[in-house]
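Biologist: I have just opened this entry and would like a careful walk through it. Could you bring it up for both of us?

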Amino acid sequence: MLAAADRALYFDWLAMMAWFQASPRIATLLIHAYAAINWQPQLAILLLCGLGHPALAYRFMTAWGMCLLLTIVMFPFFPAVAAFHHYNVDPAQMPGATAWASWHLEALMEELRSGAKATLDSDALTGIITMPSFHAASAILLIFAFWPFPWLRWPFVLLNMVMFASAVPVGGHYLVDTLGGLMLALIAIGTAIAVHGRGEDIRLDWKTIGHQVRRREAGLASA
């Protein structure tokens with residue numbers, strides 16, 4: 001069904017994979033961008049809290065948690081194997097290291113469907129969701145997290161646009177998975193803004209930060 005949705009969108013998954021395999025430099029870039037999910041959320045929270053804007057950190061974490069919850073709720077309706085399996089892609093033909101958890105998904109899904117596996121232990125929880133793609137959703141959420149920083153905004157927009165695109169060739173997702181992730185990310189961001197507001201300190205620039213530091217120093221001096 002997911003592959004059929006891709007075809008309805010005129011997306012040729014096999015042609016995309018052939019281009020990925022034939023472009024080692026681009027493949028390396030996409031692989032590194034895909035792995036950026038491992039450090040970006042922590043950096044965003046540290047910067048927001050460290051620069052005295054915990055309200056924006058809470059807003060980002062609310063969006064992240066809401067998106068995870070929506071992903072988990074939606075996943076049971078689309079218990080699919082990765083596109084790697086559907087299109088019979090040989091791991092040996094993949095350039096560099098890809099999301100290896102995806103290659104174990106077919107066996108895991110068969111065990112769950114047959115009843116041979118009744119629980120998901122820590123070994124199984126290595127990336128079992130195809131639709132919606134949380135990797136794609138997280139790229140949008142991280143743009144939202146770094147947007148208040150003028151000096152970081154556009155580098156992280158670029159990085160996360162590449163990470164969004166990498167979910168298909170590196171993570172083994174169908175294109176429609178990424179669109180589902182985009183939809184959930186926007187819902188989660190809207191929910192977080194509704195809960196926390198847009199924030200009076202939505203723009204974080206060095207002038208504002210310096211002014212706040214001077215106010216704190218003046219307060220300490222007067223005390």
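Modeller: What follows goes from the whole chain to its helix pairs and then to some single residues.

Biologist: Before we start, what kind of model is this, and how are residues numbered?

Modeller: This is a predicted model, in which local features need pLDDT of at least 70, side-chain atom pairs count only at pLDDT 80 or more, and totals for chains, interfaces and linings use all residues. Residues are numbered from 1 along each chain as its sequence is written, and side-chain values use heavy atoms, with hydrogens and water left out.

Biologist: Okay, how many helices and strands are there?

Modeller: The chain has eleven helices and zero strands, where helices (H or I, at least four residues) and strands (E, at least two) are DSSP runs numbered from the N terminus. Read from the N terminus on, the order of elements is therefore α-α-α-α-α-α-α-α-α-α-α.

Biologist: And what share of the residues is buried?

Modeller: Of the 223 residues in the chain, 43% are buried, meaning under 20% relative accessible area, while exposed is over 50% and partly exposed is in between (1.4 Å probe, protein chains only). The chain exposes about 11900 Å², with carbon and sulfur atoms supplying 67% of that area, as computed by the Shrake-Rupley method with a 1.4 Å probe.

Biologist: What about contacts between residues far apart in sequence?

Modeller: Among contacts in the chain with a separation of 6 or more, 79% are between residues 24 or more positions apart, and contact here means heavy atoms within 4.5 Å.

Biologist: Let's do helix pairs. How do you describe one?

Modeller: Two packed helices are described by the angle between their axes and the distance between the axes. The axes are lines fitted to C-alpha atoms, for helices over the stretch in contact, and the angles run from 0 to 180 degrees between N-to-C directions.

Biologist: Then at what angle do α4 and α5 pack?

Modeller: Helix α4 (residues 40–50) packs with α5 at an angle of about 155 degrees, and their axes are 7 Å apart. The two helices are therefore roughly antiparallel to each other, since angles under 35 degrees count as roughly parallel, over 145 as roughly antiparallel, 65 to 115 as roughly perpendicular and the rest as oblique.

Biologist: Which residues make that contact?

Modeller: On the α4 side they are P41, A44, I45, L48 and C49, and on the α5 side P54, L56, A57, F60, M61 and W64. By class, the residues in this contact of α4 with α5 are eleven nonpolar, no polar and no charged, where Ala, Val, Leu, Ile, Met, Phe, Trp, Tyr, Cys and Pro count as nonpolar, Asp, Glu, Lys and Arg as charged, and the others, Gly among them, as polar.

Biologist: How does α5 pack with α10?

Modeller: Helix α5 (residues 54–74) and helix α10 (residues 175–196) pack at about 135 degrees, with their axes 8 Å apart, and they are therefore oblique to each other. Residues including Y58, R59 and M66 in α5 meet residues in α10, among them M183, L184 and H196. This contact of α5 with α10 has 14 nonpolar, four polar and one charged residues.

Biologist: And what is the angle between α8 and α9?

Modeller: The axes of α8 and helix α9 (residues 153–166) cross at roughly 175 degrees and come within 8 Å, which makes α8 roughly antiparallel to α9. The residues in contact include H135, A136 and F146 of α8 and R153, F156 and F164 of α9.

Biologist: Switching to the backbone, which peptide bond is cis?

Modeller: The peptide bond from M131 to P132 is cis, with omega near 0 degrees, and P132 lies in the loop between α7 (105–114) and α8 (134–146).

Biologist: What is the phi of Y10?

Modeller: Y10 has a positive phi of about 60 degrees although it is not a glycine. Y10 is found in the loop between α1 (2–8) and α2 (13–21), and it is exposed, with a relative accessible area of 79%.

Biologist: Is W13 buried or exposed?

Modeller: W13, which lies in helix α2, counts as buried at 1% relative accessibility. Not counting residues up to four places away in sequence, W13 touches D6, A83, F84, Y87, V89, V168, H173 and Y174. W13 and F84 are 71 residues apart along the chain, and their C-alpha atoms are separated by 9.9 Å.
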